[in-house]
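Trainee: Got a minute to go through this one with me?
Mentor: Sure, put it up and ask away.

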Amino acid sequence: MELFLDLHTRVPRQGPGNDASTAQALRMLGELPPQLHILDIGCGAGAQTLALANQVNGNIVALDCNQCFLDELRQKISELGLQRKITPMLGSMFDLAFPDNTFDVIWSEGAIYIAGFEKGIQDWRRLVKPGGFLVASEISWLRRDIPAELETYWKEQYAGIDFISAKIAQIESCGYAPFGYFVLPESAWLEGYYGPLLANREAFLAEHNNSPEAHAVLQEMAQEMALYEKYSKYYGYVFYLARKVA
Ligand SMILES: C[S@@+](CC[C@H](N)C(=O)[O-])C[C@H]1O[C@@H](n2cnc3c(N)ncnc32)[C@H](O)[C@@H]1O
C-alpha cells in the first residue's frame, strides 16, 4: 500500500480526471450562491480542488486520509496564494464530524468507491444543505455486452461497478434528485492519469532501488492500463450530479 501511495505522489491526479471535466460538472450546477462552502472528499493532491478554487468564491474543505497528498496540496496552495479558499483537512470519509446541512456542495472525484457509491451518497447526504448538490465521479459500465475478462477484473477490484442507470437509481433512492451525468473523455484517463504515472516510472523505481515490490506495483498498474487500452468503450468514469431533496 505504501508503494502504491508513493507511486501516486508527485503526479497531479490520483485517478482519472481533468480540469475540463471538473469545470463541465461545475457549469452543470447552474447558478450558484455567491459564496460556496464545498467539501471535496478524497481530494488526493487536490487537482480538482484547485480547479474549483479558481472558479468559485467561498471555501473548499479538501479532505483526505493520506497526509502525503495533503502535503502536496498545501504546497500548491501556498504557491498559488489560495490559503483563504482551500482548507486541507486530514480525515476519513467514514467519519465526517461536521454538523448536518453544512455544505452547499459535496464534491468527490474518483474516491466514493472507497466507501461504496451507495453507502457514500447515503452517509454524506446529511452534510448537504437542503437544495444543495452532490457531485461525484464513479467508474461505471457504459455498455451491456461486457467481455468476461473485463468483468472478472473489475468485479475483483470493485464489486460496486455498475451501469449508469443503476447508479442513478441509487442516487434517487437515497434522497436526491439526479439531474445530469456525463462520461469523462478518454483523455482524462490517458493524459490526466496514466500518462503522468508512466512518466514517473523511472524515478519511482530508482527511489525504491529497483525492488521487486516496486516492480510488482508497476506491473499491477500496467495490467490496469492494458485493459483500459483494450476495452475503454465498455467502461469509464462518469460524473453524476444530483440535488438533495429536502
Ligand atoms: C483515486 S484517488 C482520487 C484522488 C483525487 N480526487 C483525484 O481524482 O485525483 C482516491 C483518494 O481517496 C483517498 N482516500 C482513501 N481512503 C480514504 C478515506 N477513508 N477517507 C478519505 N480519503 C480517502 C486516497 O488517499 C486518495 O487520495
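Mentor: We can take the ligand, the salt bridges, the cysteines and a few odd spots in turn.

Trainee: What should I know before reading any values?
Mentor: This is a predicted model, where local features need pLDDT of at least 70, side-chain atom pairs count only at pLDDT 80 or more, and totals for chains, interfaces and linings use all residues. Residues are numbered from 1 along each chain as its sequence is written, and side-chain values use heavy atoms, with hydrogens and water left out.

Trainee: Okay, ligand. Which residues come nearest?
Mentor: There are 19 residues around the ligand, and G42, D64, N66, M93 and E109 come nearest. A residue counts as near if one of its heavy atoms lies within 4 Å of the molecule or strand in question.

Trainee: Which ligand atom sits 2.6 Å from the side chain of D64?
Mentor: An oxygen atom, paired with an N or O atom of that side chain. On the backbone side, a polar atom of G42 is 2.8 Å from a ligand nitrogen. E109 also has a polar backbone atom 2.8 Å from a nitrogen of the ligand.

Trainee: And how much of the ligand's accessible area does the protein cover?
Mentor: On its own the ligand has 590 Å² of accessible area, and the protein covers 90% of that. Those areas come from the Shrake-Rupley method with a 1.4 Å probe; for residues, only the protein chains shown count as cover.

Trainee: Switching to salt bridges. How many are there?
Mentor: The count comes to 12. The rule asks for a side-chain nitrogen of Lys or Arg within 4 Å of a carboxyl oxygen of Asp or Glu.

Trainee: Which residues are linked in a network?
Mentor: D6, R10 and E207 are linked through salt bridges. Between D6 and R10 the closest N and O atoms are 4.0 Å apart, while for E207 and R10 the figure is 3.3 Å. That second pair links distant parts of the chain, with E207 in helix α9 (residues 201-207) and R10 in the loop between α1 (2-7) and α2 (19-28), 197 residues apart. Helices (H or I, at least four residues) and strands (E, at least two) are DSSP runs, numbered from the N terminus.

Trainee: Is D6 buried or exposed?
Mentor: D6 is buried, at 16% relative accessible area. R10 is partly exposed at 45%, and E207 is partly exposed at 43%. The cut-offs are under 20% for buried, over 50% for exposed and partly exposed in between, using a 1.4 Å probe and protein chains only.

Trainee: What about E149 and K230?
Mentor: Their side chains meet in a salt bridge, 3.0 Å from N to O. E149 lies in helix α6 (residues 148-157) and K230 in helix α10 (residues 212-231), so the pair ties together parts that are 81 residues apart in sequence. E149 is partly exposed at 42%, whereas K230 is exposed at 55%.

Trainee: New topic: how many disulfides does the structure hold?
Mentor: Zero. A disulfide needs a pair of cysteine sulfur atoms within 2.5 Å.

Trainee: Why is there no bond for C43?
Mentor: The closest cysteine sulfur to that of C43 is in C65, 9.6 Å away, which is too far for a bond. C65 has its closest cysteine sulfur in C68, at 8.9 Å, again too far. C43 is buried with a relative accessible area of 3%, but C65 is exposed at 52%.

Trainee: And N59, where is that?
Mentor: N59 is in strand β2 (residues 58-64), and N59 is buried at 19% relative accessibility. Its side chain makes a polar contact of 3.1 Å with the side chain of T87. A polar contact is a pair of N or O atoms within 3.5 Å; within protein, one must be able to donate a hydrogen and the other to accept it, and residues adjacent in sequence count only if both atoms are side-chain atoms.

Trainee: Last one. Which residues other than glycine have a positive phi?
Mentor: Among them are N101, with phi near 55°, and N210, at about 55°. N101 lies in the loop between β3 (86-90) and β4, and N210 is in the loop between α9 and α10. N101 is partly exposed at 38%, and N210 is partly exposed at 48%.
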